[in-house]
Amino acid sequence: MLIYLALASVLFVIGLHGLFTARNLLRRLLSLNVLTTAVFLLLVVIARKATPLDPVPHAMVLTGIVIAVSTTAVALALVERIALRHSPEPEPSASTRPGEEDA
Amino acid sequence: MGLVGQVFDALLAIALVWLAWQATRAADLFRAVVSFIVFGLLMAVAWVRLEAPDIALAEAAIGAGATGALLLSALDRLAPRRGRSWARVWRADARTWVLWVPAVMALAGALTAAAWQLPAPGLGAVATGALEQSGVDHAVTAVLLNFRALDTLLEIGVLVLAAVAVWSMGPAPAASAPVMPSPTLPMLGRTLFPVFVLVAAYLLWRGSHAPGGAFPAGAVLGAGGILMLLAGAQPWIRSAEHGPWRAILSAGFAVMLFAAIVGALAGGAFFEYPAAIASHAILVLEVTAGMSIALLLFAVYLRGEPHPAADTDRQRC
């Protein structure tokens with residue numbers, strides 16, 4: 001029990017550190033996902049403390065997982081557009097895909 | 001929990017910390033993404049250890065599956081085999097070891113101590129006691145689609161908004177599918193897709209009395225769609241001749257809102273179903289929500305609005 005609480009704290013710190021220090025946007029997004037997982041873990045461990053098992057935090061975490069994937073999808077789409085705008089010149093390998101380099 | 005269980009938990013925690021570190025800090029981005037996917041899968045094991053099988057299913061299907069597919073395809077576009085240009089994002093020097101490592105460890109310790117003192121939540125008895133009136137036998141499903149259905153409504157709303165946001169960024173990139181020299185993948189995709197549908201239907205049906213329900217079912221079906229897309233299928237989500245598939249994107253949200261408003265107009269509270277028809281209402285909501293979630297996960301994977309016709313030439317604004 002305590003070990004999962006400690007795990008949640010450590011994951012939280014790792015995610016926070018990555019979120020603040022990573023330069024690469026994709027890496028920052030991965031850190032954000034680790035951070036959300038830490039919060040979910042805390043909620044589920046707390047839910048397990050109660051007798052009987054409290055289903056409300058479980059439902060909240062299920063909701064949160066879907067929100068996290070929505071956030072990730074929108075952020076990834078934005079990151080891709082940013083990368084297309086800022087790429088100095090299209091690489092030869094990228095020109096095999098039509099519609100990618102004329103941003 | 002015996003000694004074996006505690007050793008297992010400790011090993012699992014060490015592996016998860018290592019994978020999280022790799023996911024945020026590995027020099028190679030591909031390695032970081034793969035570490036994150038494995039992290040999601042191991043988290044599913046941790047959820048099972050914490051008696052949360054619903055979350056384990058959702059994490060394996062959505063957290064590791066759908067997010068992993070999104071990340072890998074984004075990686076394919078972002079880093080066109082450019083080597084390790086992002087290498088060495090973080091380097092430990094003397095100040096790090098003296099100042100930051102102790103500070104971070106103290107923060108983690110303080111967080112753990114604070115979390116340890118949190119009181120246990122007390123809604124378990126209330127939720128279990130009201131289970132008979134909810135129309136389903138599984139407490140988490142009852143919370144999701146009856147007691148706290150408003151959360152689920154808003155959650156599907158967020159997913160719809162995400163799809164709208166992604167589609168409004170412009171037309172989808174042309175090559176959704178990798179150039180595949182092997183004929184195995186299309187064949188495998190076609191063979192596996194019925195299995196995906198079957199598993200999704202099973203999970204959906206199971207949700208009324210056991211872990212399962214609309215979210216894992218939708219995620220599995222969406223993953224099947226993504227697999228078909230990777231195997232070279234055309235996204236016909238917007239084409240006119242294939243029927244009103246596009247309406248399903250918002251059907252889950254619309255049907256839930258309809259149920260809530262009808263319940264409110266019939267004299268009850270927002271999202272109050274009469275106990276007699278509650279199980280039927282939840283079944284309808286769950287089926288539409290599951291289909292919507294499947295199609296929405298598929299829609300955000302396209303990363304842009306798909307064209308009505310498959311082979312028009314695209315231009316980006």
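**Exercise 1. Find how much area is buried between domain 1 of chain B and domain 2 of chain B, and what the contact is made of.**

Solution. Start with the area: about 1100 Å² is buried between domain 1 of chain B and domain 2 of chain B, with 70% from carbon and sulfur atoms. (Buried area is the accessible area, 1.4 Å probe, that two parts lose on being put together, summed over both.) Asp54(B), Leu57(B) and Arg77(B) supply 44% of what domain 1 buries here, more than any other three residues.

A quick note: this is a predicted model, where local features need pLDDT of at least 70, side-chain atom pairs count only at pLDDT 80 or more, and totals for chains, interfaces and linings use all residues. Residues are numbered from 1 along each chain as its sequence is written, chains are lettered from A in the order written, and side-chain values use heavy atoms, leaving out hydrogens and water.

Next, look for salt bridges (a side-chain nitrogen of Lys or Arg within 4 Å of a carboxyl oxygen of Asp or Glu): there are zero across this domain interface.

**Exercise 2. Work out how chain B meets chain A.**

Solution. First, count residues: 89 of chain B are in contact (heavy atoms within 4.5 Å) with 71 of chain A. Then take the area: the two chains bury about 7200 Å² between them, 74% of it on carbon and sulfur atoms. Now the charges: the rule finds one salt bridge between the chains. That's Glu51(B) with Arg48(A), whose closest N and O atoms are 3.0 Å apart.
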